[in-house]
Amino acid sequence: MESRLRVQGNPIQPMLVTFPFGLFVSAAVFDLADVAGGPAFLGEVGYWTAVAALVAAALTTVAGMVDLWDVRADRTRRTAITFNLVNAAMAALFLLTCLIRAQAPQRGANGVEVAVELLALAVGSVGVWLGSRLMRQFDRRRAAEPAGFEALRDIPGATVEIIRPKA
């Protein structure tokens, strides 16, 4: 996957997706503990963790949109679009639960909201799988590219001459 946003040559968006996914998992764990009879503050912590995850998901989505401009129209582009849609679906389900809970005086979750969060995590797991698939596709293309000084050979006007040692 080609990308304008890279860290050490790797696209940043599949890496960024781990932040909202981890926060969503944490929010679901807090809410599950709250519903299971834990202290009431766990529901509040779960709510604010989900809100933080939604902010992180929004930033990740922006990075994904920037990446889509550079992806060729092939299997990788279809995977990238599906990856972004799946992650958006996960975030939308959490957004739904957050909007419902925002109106409550105590922002604790109920059983139905926890079930929706667990469904969202199942959808997000598909996104994690697609992200790993994107990284593998990127690595296959990257392995075919020259690395190190070999990459300088094809640059017009390069002043570096690569001479192989004689065996």
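**Entry 1: helices α2 and α4**

I took the axis of a helix to be a line fitted to its C-alpha atoms over the stretch in contact. The model I examined is predicted. I looked up how helix α2 (residues 18-35) packs with helix α4 (residues 75-102), and I found an angle of about 40° with the axes 12 Å apart. I therefore recorded α2 as oblique to α4. I noted that the crossing of α2 and α4 is left-handed.

I then listed the residues that make this contact. Helix α2 contributes F21, F24, A27 and D31, while helix α4 contributes M90, A91, F94 and R101. I sorted the residues of the contact by character and obtained six nonpolar, no polar and two charged.

**Entry 2: aromatic pairs**

I searched for rings of Phe, Tyr and Trp whose centres lie within 6.5 Å, and the count came to two aromatic pairs. One pair is F24 with F94: I read 4.2 Å between the ring centres and 20° between the planes, so I entered the pair as stacked. I noted that F24 lies in helix α2 and F94 in helix α4, 70 residues apart, so that the pair links distant parts of the chain. I checked accessibility as well: F24 is buried, with a relative accessible area of 0%, and F94 is buried, with a relative accessible area of 0%.

I next turned to Y47 and W48. Their ring centres are 4.9 Å apart and their planes stand at 80°, so I entered this pair as edge-to-face. I recorded Y47 as buried, at 7% relative accessibility, and W48 as partly exposed, with a relative accessible area of 44%.

Conventions
Residues numbered from 1 in each chain as written. Predicted model: local features only at pLDDT ≥ 70, side-chain atom pairs only at ≥ 80, totals over all residues. Heavy atoms only, no water. Axes fitted to C-alpha atoms, helices over the stretch in contact; angles between N-to-C directions. Helix = DSSP H or I, 4+ residues; strand = E, 2+ residues; numbered from the N terminus. Parallel < 35°, antiparallel > 145°, perpendicular 65-115°, else oblique. Left-handed = near helix turned anticlockwise from the far one by under 90°. Contact = heavy atoms within 4.5 Å. Nonpolar A, V, L, I, M, F, W, Y, C, P; charged D, E, K, R; others polar. Phe/Tyr/Trp six-rings, centres within 6.5 Å; stacked < 30°, edge-to-face > 60°. Buried < 20%, exposed > 50% of the residue type's maximum accessible area, 1.4 Å probe, protein only.
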